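These entries record what I looked up, in the order in which I took the topics. I began with charges over rings, went on to aromatic pairs, and ended with one stretch of parallel strands.

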Protein chains: 2
Amino acid sequence: MLGQMQNQPLLTSMLLDFAARHHGDGEIVSRRVEGDIHRYTYADLARRSKQLANALEASGTQQGDRIASIAWNGYRHMELYFGVAGSGRVMHTLNPRLHPTQLVWIVNHAEDKVVCFDATFLPLVQAVHAKCPTVKTWVLLCDADKLPADSGIPGLLSYEAWIAGQSDQYAWPQLDENTAAGLCYTSGTTGDPKGALYSHRSTVLHAYGGALPDALNLSARDSMMPVVPMFHVNAWGLPYGAALTGCKVVFPGPAMDGKSIYELMESEQVTMAAGVPTIWQMLLGHLGANKLRFSTLTRTVIGGSACPPAMIDTFREQYGVDVLHAWGMTETSPLGTVCTLKNKQLHLPAAEQLHIRTKQGRAIFGVDMKIVGDNGEDQPWDGKTYGDLLVRGPWIMDHYFKMEGSPLVKDAQGRGWFPTGDVATIDADGFMQITDRSKDVIKSGGEWISSIDIENVAMAHPAVAMAACVGMPHPKWDERPIIAVVKKPDAQVTRDELIAFYEGKIAKWQIPDDVVFVEAIPLGATGKMQKSKLREQLKDYKLPGL
Amino acid sequence: MLGQMQNQPLLTSMLLDFAARHHGDGEIVSRRVEGDIHRYTYADLARRSKQLANALEASGTQQGDRIASIAWNGYRHMELYFGVAGSGRVMHTLNPRLHPTQLVWIVNHAEDKVVCFDATFLPLVQAVHAKCPTVKTWVLLCDADKLPADSGIPGLLSYEAWIAGQSDQYAWPQLDENTAAGLCYTSGTTGDPKGALYSHRSTVLHAYGGALPDALNLSARDSMMPVVPMFHVNAWGLPYGAALTGCKVVFPGPAMDGKSIYELMESEQVTMAAGVPTIWQMLLGHLGANKLRFSTLTRTVIGGSACPPAMIDTFREQYGVDVLHAWGMTETSPLGTVCTLKNKQLHLPAAEQLHIRTKQGRAIFGVDMKIVGDNGEDQPWDGKTYGDLLVRGPWIMDHYFKMEGSPLVKDAQGRGWFPTGDVATIDADGFMQITDRSKDVIKSGGEWISSIDIENVAMAHPAVAMAACVGMPHPKWDERPIIAVVKKPDAQVTRDELIAFYEGKIAKWQIPDDVVFVEAIPLGATGKMQKSKLREQLKDYKLPGL
């Protein structure tokens with residue numbers, strides 16, 4: 001017997017309509033590529049998203065077509081999110097930090113029909129446009145009078161001219177809620193990039209889950225700054241979460257340095273910000289150097305890679321800012337877990353609370369997770385036993401765009417679980433902690449050593465700016481860990497001092513065999529350390545004594 | 001083109017599984033009919049819900065069968081919620097405050113197969129069981145040794161004996177998410193009761209929406225007390241919200257007096273409670289009389305009928321407890337709006353904030369609303385213009401159980417809106433305020449007078465315990481308002497004093513023509529004032545001067 005409730009599909013246009021109707025004067029503030037600050041409201045966003053939808057129709061694109069962006073966080077990018085998906089097209093966010101060859105590969109694989117890009121990326125588009133035959137329309141996200149006369153890109157349009165003539169009346173189609181809404185490719189550190197194709201349903205459910213008090217806790221009382229780029233898993237879904245709550249949104253645009261972020265946070269009274277650890281490192285550096293304080297910020301969401309405990313501690317103890325440690329992937333929309341305490345943990349001593357906060361946290365309702373051993377057998381939730389992390393849920397990927405077969409692993413009940421490629425522990429309270437990427441774990445004498453644990457100790461040393469641990473071949477132990485370290489400017493520390501710093505902090509056999517001081521750790525397009533490149537750079541390195 | 005995310009139906013069993021896996025030791029505390037306090041965990045809840053599902057199979061019930069309860073708020077009732085719906089059956093909560101004739105009518109209309117009831121209601125069941133031919137199994141929610149030998153109800157089972165022999169292993173079926181999960185009848189003040197048939201999808205989406213920070217703000221840090229009965233629109237969805245967050249749950253059982261509620265709140269460190277104004281009146285009475293304070297309570301959700309501003313003020317100013325004013329109906333699952341402030345309102349003076357808090361609040365994402373005039377035309381959102389309130393969304397009813405046709409009103413785009421029967425204003429910020437029930441509005445000289453406004457003024461008078469405003473026939477003005485008043489014990493106030501109390505508080509022409517002192521205002525099964533009965537009692541009343 002079926003229930004008798006209204007049959008209303010979950011669509012991203014429902015988010016936009018809601019924000020425009022119930023939070024019409026809610027502010028959206030953007031630092032533009034031009035450097036100035038732009039302000040408008042959810043009502044304006046809705047009006048212009050409809051103009052964009054009409055422009056997409058007028059340009060001859062069809063439902064299902066992929067429309068791409070190469071853009072910073074800003075209001076025009078948000079219009080693309082809602083106008084493209086709302087009209088039944090697929091919003092494809094391209095990562096400008098990828099190598100141009102990879103970008104071309106992705107545009108061709110996705111068969112993008114339109115590419116909209118910020119002026120910053122004009123040289124990039126000039127270099128690649130001729131290799132993207134599926135793209136019929138190139139749109140520069142600028143005013144009509146800012147369009148260069150001699151771009152060399154045939155038919156290049158200015159975004160403002162493109163949408164200006166269009167009506168702001170448009171009836172969002174009542175799509176099947178499983179219709180594709182967004183496309184995002186993994187950065188592809190191994191093999192070709194792979195696309196995760198989000199649906200309207202998965203996007204709306206993810207927005208509900210992400211806004212919960214135990215997740216990002218989004219409300220109409222927030223002024224939210226998504227520092228995490230909108231080309232990086234939809235800025236963790238924050239533009240959708242913003243529309244769901246009607247909160248104020250503050251987009252930092254291309255200015256990601258500590259000073260710019262800080263000043264915008266203060267002037268727009270930001271209460272909540274989200275980004276990767278490297279961004280917060282720069283922000284904390286700026287605050288420390290200039291003896292500044294946050295006057296409205298209450299919490300930051302940190303994800304993308306494990307947050308060093310020292311950073312969590314600094315935010316809380318020095319600046320009174322709560323750190324929400326989160327975990328997710330392109331394939332998980334991305335929110336999987338967020339670290340918020342439970343009722344029974346609120347009265348624990350601060351040190352025990354910090355210990356919990358260093359974990360990636362608990363599953364959001366909608367996501368289930370488990371850790372399994374080499375033969376797929378469930379591992380105990382004791383906070384100690386490692387296992388491969390698998391997840392499932394309505395915003396977790398089933399299979400990759402245009403790829404045969406599904407990577408899911410079936411359980412005894414026939415339910416598919418997505419293998420994350422992460423190694424993790426889960427404690428009795430359901431708090432998950434990533435111990436490593438499967439491929440980065442160091443296997444020494446039959447035991448596993450977490451490269452992240454080794455890095456966290458080094459990061460807590462005052463002279464260390466960045467640290468990366470890799471395993472080096474060893475005839476007796478198979479592998480032994482060494483640590484590559486970037487020193488802070490003007491800071492001094494020796495190899496022996498750093499090795500000594502490990503004593504008492506981790507087991508003796510886990511202490512790295514050596515320290516290699518380097519100028520920089522290679523970073524990937526999404527700001528993560530690229531250990532494969534680091535290993536390549538260290539290919540002639542020999543462990544001491546060998 | 002379809003997205004490629006996991007195809008996972010939204011089922012209530014997903015809520016239970018989540019709570020058991022991720023909050024296994026989360027506490028559920030119940031005051032039992034027996035008077036003692038019972039404690040167990042979400043893991044226990046899941047285990048026993050599975051035993052119940054097996055008992056339902058063993059009793060020969062089928063998927064789609066309605067399984068009814070007549071019960072207080074407690075752990076066994078929560079097991080029914082999850083075991084019945086999770087196994088594909090329909091949880092039908094019966095309201096024991098209904099007249100037995102009406103109860104029998106509902107059981108027969110629903111064709112209930114099993115009825116589970118608390119010992120409190122044994123006399124009621126003894127009186128009606130013979131008139132309920134569809135019911136094959138009567139189950140008393142008690143231990144085996146508490147079952148009366150001579151109940152007169154053929155085959156009466158004790159719940160504990162019924163489930164005791166059953167396995168706690170049970171694979172929840174992967175149902176279509178539109179499968180019916182719950183059934184709840186309106187109290188039927190006019191005509192026969194009508195059933196709202198909730199689906200798994202609507203129940204899970206409602207749980208997401210209700211837990212949001214802008215709605216009830218539910219998290220694993222809460223200790224939640226649902227005072228609103230589980231037979232009253234599923235206790236506003238709180239048992240599902242509890243499982244979604246893994247918060248501690250504290251069930252008051254049958255002891256709804258101020259002293260019992262207060263003591264349980266204190267001993268179980270309740271942070272959040274939800275109920276109708278009459279309950280809070282009793283609780284505040286107990287606190288005031290005994291000079292008590294709340295030590296952990298931070299907020300109450302008040303709904304079911306409009307909350308007098310004086311009560312909101314008392315909670316906030318005297319006790320430091322935030323009042324969340326909420327609005328909903330059986331047909332809306334029930335949460336439609338909750339009154340939480342927006343970012344821009346946080347710095348308003350306290351008086352302006354209180355003015356906003358007296359409204360029923362903003363739509364939760366998932367719900368849309370509008371007000372319309374006599375011809376269905378949209379009314380402006382100016383906070384002043386009255387209109388009939390209509391709502392739509394995935395947890396709003398489409399049509400009533402077993403009734404032909406849908407009450408929905410179609411708009412120009414063909415979308416159906418549920419007519420609530422309430423008259424409301426909506427202000428520019430989207431805050432809705434119920435001004436009256438359509439049938440209670442007083443029409444005087446072509447103008448509408450809100451009976452609720454008149455009642456709120458009277459309720460603010462220190463001598464008034466309860467007040468009900470009704471319209472009386474008048475040859476010149478069509479109707480004129482009078483107010484029926486119940487005085488507080490030992491308090492004194494005269495007709496003229498009360499009429500004078502209105503001066504300066506509302507427009508002169510809205511001031512009631514008369515005051516009638518009564519012993520009691522008739523209340524319906526859900527604690528709401530029954531103005532139709534009051535009008536009947538006053539049928540011989542004549543306005544002064546007529």
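**Entry 1: Charges over rings**

I found the charged end of A:Arg392 over the ring of A:Trp417, at 5.7 Å from the ring centre. I note here that the model is a predicted one. In chain B I looked up B:Lys505, which lies over the face of B:Phe501, 3.7 Å from the centre of that ring.

**Entry 2: Aromatic pairs**

I then searched the whole structure for aromatic pairs and obtained 28 over all chains. I took B:Phe117 and B:Trp138 as an example: their ring centres are 6.5 Å apart and their planes stand at 70 degrees, so I recorded the pair as edge-to-face. The cut-off behind this step is an angle over 60 degrees. I placed B:Phe117 in strand β5 (residues 114–117) of chain B and B:Trp138 in strand β6 (residues 137–140) of chain B; the pair therefore ties together parts 21 residues apart in sequence. Both B:Phe117 and B:Trp138 are buried.

I next examined B:Tyr170 and B:Trp172. Their ring centres lie 5.2 Å apart with the planes at 65 degrees, so this pair is edge-to-face. Are these two residues buried or exposed? B:Tyr170 has 15% relative accessibility and counts as buried. B:Trp172 is buried, its relative accessible area being 8%.

I also noted a cluster linked by ring pairs, made up of A:Phe18, A:Tyr208, A:Phe365, B:Phe18, B:Tyr208 and B:Phe365.

**Entry 3: Strand β13 of chain B**

Which residues cover the two faces of strand β13 (residues 299–302) of chain B? I listed B:Arg299 and B:Val301 on one side, with B:Thr300 and B:Ile302 on the other, and all of them are buried. I recalled that side chains in a regular strand alternate between the two faces of the sheet.

I then looked up the neighbours in the pairing. Strand β12 (residues 272–275) of chain B runs parallel to β13(B), joined to it by 4 bridges. Opposite B:Arg299 of β13(B) I found B:Met272. Helix α11 (residues 277–290) of chain B completes a right-handed β-α-β unit with β12(B) and β13(B).

I recorded a parallel pairing, over 4 bridges, of β13(B) with strand β14 (residues 322–328) of chain B. B:Val301 has B:Leu324 in β14(B) as its bridge partner. I followed the chain from β13(B) through helix α12 (residues 309–319) of chain B to β14(B) and entered this β-α-β crossover as right-handed.

How values were computed. Residues numbered from 1 in each chain as written. Chains lettered and ligands numbered in written order. Predicted model: local features only at pLDDT ≥ 70, side-chain atom pairs only at ≥ 80, totals over all residues. Heavy atoms only, no water. Phe/Tyr/Trp six-rings, centres within 6.5 Å; stacked < 30°, edge-to-face > 60°. Buried < 20%, exposed > 50% of the residue type's maximum accessible area, 1.4 Å probe, protein only. Lys NZ or Arg CZ within 6 Å of the ring centre and 35° of its normal. Pairing = 2+ DSSP bridges. Right-handed = clockwise from strand over helix to strand, strands pointing away.
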